[in-house]
Amino acid sequence: MKKDVIIACDFSSAEKTYEFLDKFTEEKPFVKIGMELFYAEGPQIVREIKKRGHKIFLDLKLHDIPNTVKKAMAVLSGLDVDICNLHAGGGIDMMKAAVEGLTREDGTRPLLIAVTQLTSIDQTRMENELLIEKPLEEVVMSYASNAKKAGLDGVVCSPLEAGKVHEVCGDDFLTVTPGIRFADGAVGDQQRVTTPKKAREIGSDFIVVGRPITAAEDPVAAYRHCMNDFAD
Ligand code: C5P
C-alpha cells in the first residue's frame, strides 16, 4: 500500500471546503470528510469532492447493531468512497456485517478501518466509566485483532501505536494515524503527537493531518511539506 497524507477537511460548510480545495491547483490530495461536514451537507458533498478527483476517507465511525450497520455501509459503498470506518467496540459480528454491506456486486469495496479506543478515553475513564479494567494498550491491541478477525483492513490509531499494531496484526494491516504536528508547530488539543517523518519511521500507512495544513498560512506548502516527509 502506498503511503499517503490525508487532509482532515474539518469545515462547517461546502463553501468553505471548496474554497480550501481550490487552493490545490497542481495536486488532488486524499481528503477526510467527518461528521460535521457530512451532517451539514449530506451525501452530495461526497459526490462533488469525488467528482473533483479526490480520494475520500469518510469518517463517520458507525456503531450500531449488525443489520443496521450493514445496510448503512451499503449506502456508503454506493457513494464510492475509498475508506470508511466504524467502532471496533460494536463487536466482531457488527464488523463482519459491515464488510458484507460494503462489498459491491462485483466483489470490490472501500477499505474499512476500525476505531479502537478513542484518544479522548484515557486509562482512568476507561476503568471508571466503561468498567474495562485492563491496560489501555492491551485493549487497543485486542480490538485491533478483533477488527482483523472480522476481515477489516486496519485501524485508526495513534502514530505512536502503529508499530505495535503491525507487530500484532501484521505489516499489511493498515494504520491510519491522526495526531500529526510539525516539529515547530502548535500542538493544540492533541495529546500524543509526532511529526510526519517520525510517523513514517514508526510505521504509519496513512497520516491524517488537519490544522497543520488547513490553518497554515500557505496550506499547499504545508501539504507538500507533509508529503515530502511522509509519502512514497
Ligand atoms: O487538526 P488535527 O490535525 O488535530 O486533525 C486530526 C483529525 O483526526 C480530526 O479530524 C480529528 O477528529 C481526527 N481524529 C483524531 N484522533 C482520533 C481520531 C480522529 O484527531 N483518535
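How are α5 and α7 oriented to each other? In this predicted model, the axes of the two helices, α5 and α7, cross at roughly 40° and come within 9 Å. Angles under 35 degrees count as roughly parallel, and those from 65 to 115 as roughly perpendicular, with the rest, short of the antiparallel range over 145, taken as oblique; α5 and α7 are therefore oblique to each other. Their crossing is right-handed. On the α5 side, the residues that take part are Ile92, Met95 and Lys96, and they meet Asn146, Ala147 and Lys149 of α7. Sorted by class, this contact of α5 with α7 holds three nonpolar residues, two charged residues and one polar residue.

Helix α5, which spans residues 92-102, also packs with α4, residues 66-78. Here the angle is about 30° and the axes lie 7 Å apart. With angles under 35 degrees counted as roughly parallel, α4 and α5 are therefore roughly parallel to each other. As α4 passes α5, the crossing is right-handed. From α4, the contact draws on Pro66, Val69, Lys70, Met73, Ala74 and Ser77. From α5, it draws on Asp93, Met94, Ala97, Ala98, Glu100, Gly101 and Leu102. Eight residues of this contact of α4 with α5 are nonpolar, three are charged and two are polar.

Attention can now turn from the helices to the pockets. The largest pocket holds about 1100 Å³ of space. Its lining is made up of 41 residues, and those nearest its centre are Lys61, Thr119, Pro178, Gly179 and Gln190. Several helices and strands contribute to this lining: at least two residues each come from the strands β2 (30-34), β3 (56-62) and β8 (206-209), and likewise from the helices α2 (35-41), α7 (136-149) and α10 (211-214). Helix α7, met above as a partner of α5, is thus also one of the elements that supply the lining of the largest pocket. By class, the lining has 19 nonpolar residues, together with 11 polar and 11 charged ones.

The second largest pocket has a volume of about 230 Å³. It is lined by 16 residues, and Met1, Phe30, Lys55, Asp82 and Leu111 are the closest to its centre. Nine residues of this lining are charged and seven are nonpolar, while no polar residue appears in the lining of the second largest pocket.

Definitions and conventions. Residues are numbered from 1 along each chain as its sequence is written. This is a predicted model: local features need pLDDT of at least 70, side-chain atom pairs count only at pLDDT 80 or more; totals for chains, interfaces and linings use all residues. Side-chain values use heavy atoms; hydrogens and water are left out. Axes are lines fitted to C-alpha atoms, for helices over the stretch in contact, and angles run from 0 to 180 degrees between N-to-C directions. Helices (H or I, at least four residues) and strands (E, at least two) are DSSP runs, numbered from the N terminus. A crossing is left-handed if the near helix is turned anticlockwise from the far one by less than a right angle, and right-handed if clockwise. Contact means heavy atoms within 4.5 Å. Ala, Val, Leu, Ile, Met, Phe, Trp, Tyr, Cys and Pro count as nonpolar, Asp, Glu, Lys and Arg as charged, and the others, Gly among them, as polar. On a 1 Å grid over the protein atoms alone, a cavity is a set of points where a 1.4 Å probe fits but cannot get out, and a pocket is an open set with protein on both sides within 12 Å along at least five of seven lines; lining residues have an atom within 4 Å of a point. Grid points are joined across faces, edges and corners, and a volume is the space filled by probe spheres set on the points.
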